[in-house]
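Student: Could we go through this structure together, one question at a time?

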Amino acid sequence: MLLQKNERESLFAEVDPAFRGDVLKGLGIKPRAIPARWLYDRRGSELFEAITALPEYYPTRTERSILSCAVSDIAALIGPKRAVVEFGSGSSTKTPILLSEVSPTAYVPIDISAEFLRESVTALSAAFPNLPIFPIEGDFTGTLGLPEAIDGMARLGFFPGSTIGNLLVSDAVDLLRVMAATLGADSMLLIGIDRIKDANILLPAYDDAQGVTAAFNLNLLHRINRELSGTVPVDAVSHVVRWNDVEARIEMHLKAARDVQFSVDGRIFSMASGETIHTENSFKYAVRDARVLLRAGGWTPIADWTDQKEFFSLILAKVGTAVSAPNHVNGRAIFRVMGPHKGDEGRVELFYAYGKMYVQALGQQD
Ligand code: AVJ
């Protein structure tokens, strides 16, 4: 029997035990939720690429045009002789725009997908034959060692695409702090963050007329059926998008159109008509929210750029946060909303004083 390449892969590829664990756990809890990272298998990544070209999906093209306009200012602000470290480099079309203007001393793309990494290294070394490239295959949410070859070079982290929006706010702070630790002293970070805007713009961006985003979301169920011997009746499930205004996030769900029963990995699950599985969050940050987020994450924003419609922010930050006045105020209201964090060297507190929000870095926890 001759099999298509993807069928061969599904028959013989090892199923990630963490995928099985997350799916079985996520289907068993209420509300049901499966971590968004499992949307991005090969097919999911291809569908996401297709999403970035949709007329309704403004973030990718908006960020690219902001970067094109801002890149000479950025180059002036960061100065020469930096190594550019890109988090989740994927198949980004933004990278060459940055690299051609900032003349980096080295480029370090980090990605979990070895295949994407190979493709981007091939393309970029053709375009920039004199640029030393040191790819790292790995998960940038954990602490990673950077290659020795860039020891002693100041670094610019590049984290485009509003990928930070996939994370809960507390996890986003952790990640920013891990990035600060990885990039080290004198580093800078160029990060793209999608803004809060009218739901009439946000909702179609995640529920396009051609149904590509629906296919992207439903692909998770096909993946479960294929890799975990699932019997999920995909036809009875639909793609649903919600704007959660309290959390300031877009949510993607998979909603049962009727009562359904199915098995996954030998376990039986049932969903009542109308019940959903929460599959992805995409947090949005207003201009000042993004600044507070960065400061809580151990970075000081120094410049930001946006597009004409003010849909998206591109922010440049430098590592470190000064202790903010007025930390001496007696009886200040302290809202300990985050921390202690993974990879922590200190703690951060957000507090209000004189009607404003402040971020305060605290010393080592005793
Ligand atoms: C890859 C997380 C930036 O949230 O806009 C797009 C993912 N999901 N359409 C986003 C996504 C559905 C995307 N990020």
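Tutor: This is a predicted model, in which local features need pLDDT of at least 70 and side-chain atom pairs count only at pLDDT 80 or more, while totals for chains, interfaces and linings use all residues. Residues are numbered from 1 along each chain as its sequence is written, and side-chain values use heavy atoms, with hydrogens and water left out.

Student: In what order do the seven strands of the open sheet stand?

Tutor: Strands (E, at least two residues) and helices (H or I, at least four) are DSSP runs numbered from the N terminus, and two strands pair if DSSP finds at least two bridges between them. The pairing in this open sheet is mixed. Its seven strands follow the order E4-E3-E2-E5-E6-E13-E12.

Student: Which strands stand at the edges of the sheet?

Tutor: An edge strand here has a single partner strand, so one side of it is left without a neighbour in the sheet. That describes strand E4 (136-137) and strand E12 (299-306).

Student: How many bridges join E12 to strand E13?

Tutor: E12 and strand E13 (residues 312-319) run antiparallel. Within this pair, Ala 303 stands opposite Leu 316 in E13. The bridges that join E12 to E13 number seven.

Student: Is Ile 250 buried or exposed?

Tutor: Ile 250 lies in strand E8 (residues 249-256). Buried means under 20% relative accessible area, exposed over 50%, and partly exposed in between, with a 1.4 Å probe and protein chains only. Because its relative accessibility is 1%, Ile 250 counts as buried.
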